[in-house]
Amino acid sequence: MDTVMMNSSSNNPLVTIITIVFNNVTTIRNAVQSVAYQDYDNIEHIVIDNCSNDETIQVIKEWQNVIPSLELIRNNANLGIEGNLILGSVCSQSEYTWMLSDHQRLRKGVLYELIELLESDKPD
């Protein structure tokens, strides 16, 4: 895997992607990879581990070697979906936040499409 760098000096608005995972080593790899290979250049990706006891953490750490900006938050207890959604929204540093399930994948180019739509709908 090649190192993927996100561009914090981009003119594009920062998009935060929050992925919550619990014992899902099978699908988290694909979800993180789909974010890593986006052509959008200003992404903050935060993975919140909800106290997994499988190999999920190891997979995320492997991806941190490829994506230095990938942030991992490990819960000491299972917070449930509501607690993790609140935690993710508090940790987000951007105007736009996408909650990406650990079993979903982003189609390449979808962030440009989304931001174009959201930015065009802003009041002047």
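Pro-13 sits in the segment before strand 1; helices (H or I, at least four residues) and strands (E, at least two) are DSSP runs, numbered from the N terminus. This is a predicted model, in which local features need pLDDT of at least 70 and side-chain atom pairs count only at pLDDT 80 or more, while totals for chains, interfaces and linings use all residues. Residues are numbered from 1 along each chain as its sequence is written, and side-chain values use heavy atoms, with hydrogens and water left out.

Pro-13 has 22% relative accessibility and counts as partly exposed. On this scale, buried means under 20% relative accessible area, exposed means over 50%, and partly exposed lies in between (1.4 Å probe, protein chains only). Neighbours within four places in sequence aside, Pro-13 is in contact with Tyr-40, Asn-42, Tyr-96, Ile-115 and Glu-119, where contact means heavy atoms within 4.5 Å. Pro-13 and Pro-68 are separated by 55 residues in sequence and by 19 Å in space, C-alpha to C-alpha.

**The sheet**

Four strands form an open sheet in the order 3-2-1-4, with parallel pairing; two strands pair if DSSP finds at least two bridges between them. Strand 3 (71-74) and strand 4 are at the edges with a single partner strand each, so one side of each has no neighbour in the sheet. On average, neighbouring strands of this sheet are turned by 20° against each other, direction ignored. Axes here are lines fitted to C-alpha atoms, for helices over the stretch in contact, and angles run from 0 to 180 degrees between N-to-C directions.

Strand 1 and strand 2 pair in the parallel sense over seven bridges. Among the bridge partners in strand 2, Glu-44 belongs to Thr-16 and Val-47 belongs to Thr-19. Seven of the seven residues of strand 1 are buried, so this strand is largely enclosed by the rest of the structure. Its two faces are both covered: Val-15, Ile-17, Thr-19 and Val-21 are buried on one side, and Thr-16, Ile-18 and Ile-20 on the other.

**Helices on the sheet**

Helix 2 lies across strand 1, strand 2 and strand 3, and runs at about 160° to strand 3. Helix 4 also packs on the sheet, where it touches strand 1, strand 2 and strand 4; its direction makes about 140° with that of strand 4.

In helix 4 (residues 110-120), the buried residues are Val-110, Leu-111 and Ile-115. They cover an arc of only 125° around the axis, which puts them on the same side of helix 4; the arc is that of the directions from the helix axis to the C-beta atoms. Strand 1 (15-21), strand 2 (43-49) and strand 4 (96-101) are included in what covers these buried residues. Exposed residues Glu-116, Leu-117 and Ser-120 are carried on the face of helix 4 turned away from its buried side.

**Nonpolar cores**

A nonpolar core is a set of buried Ala, Val, Leu, Ile, Met, Phe, Trp, Tyr and Cys residues joined through side-chain atoms within 4.5 Å. The largest has 13 residues, and those with the most contacts inside it are Ile-28, Val-32, Val-47, Ile-60, Trp-63, Ile-67 and Leu-70. Helix 1 (25-36) and helix 2 (56-66) each supply at least two residues of this core, and helix 2 gives the most, with five residues. Ile-60 touches Val-21, Ile-28, Val-47, Leu-70 and Leu-72, not counting residues up to four places away in sequence. Apart from this core lies another, of 12 residues, which include Ile-17, Tyr-40, Leu-100 and Val-110.

**Salt bridge and loop residues**

Side chains of opposite charge can pair when their charged atoms come close. A salt bridge is a side-chain nitrogen of Lys or Arg within 4 Å of a carboxyl oxygen of Asp or Glu, and by this rule the count comes to one. It joins the side chains of Glu-113 and Arg-107 (3.0 Å, N to O). Glu-113 is partly exposed at 44% relative accessibility, and Arg-107 is partly exposed at 47%.

Two residues that are not glycine have a positive phi: Asn-23 and Cys-51.

| Residue | Phi | Place | Relative accessibility |
|---|---|---|---|
| Asn-23 | about 45° | loop between strand 1 and helix 1 | 26%, partly exposed |
| Cys-51 | about 70° | loop between strand 2 and helix 2 | 30%, partly exposed |
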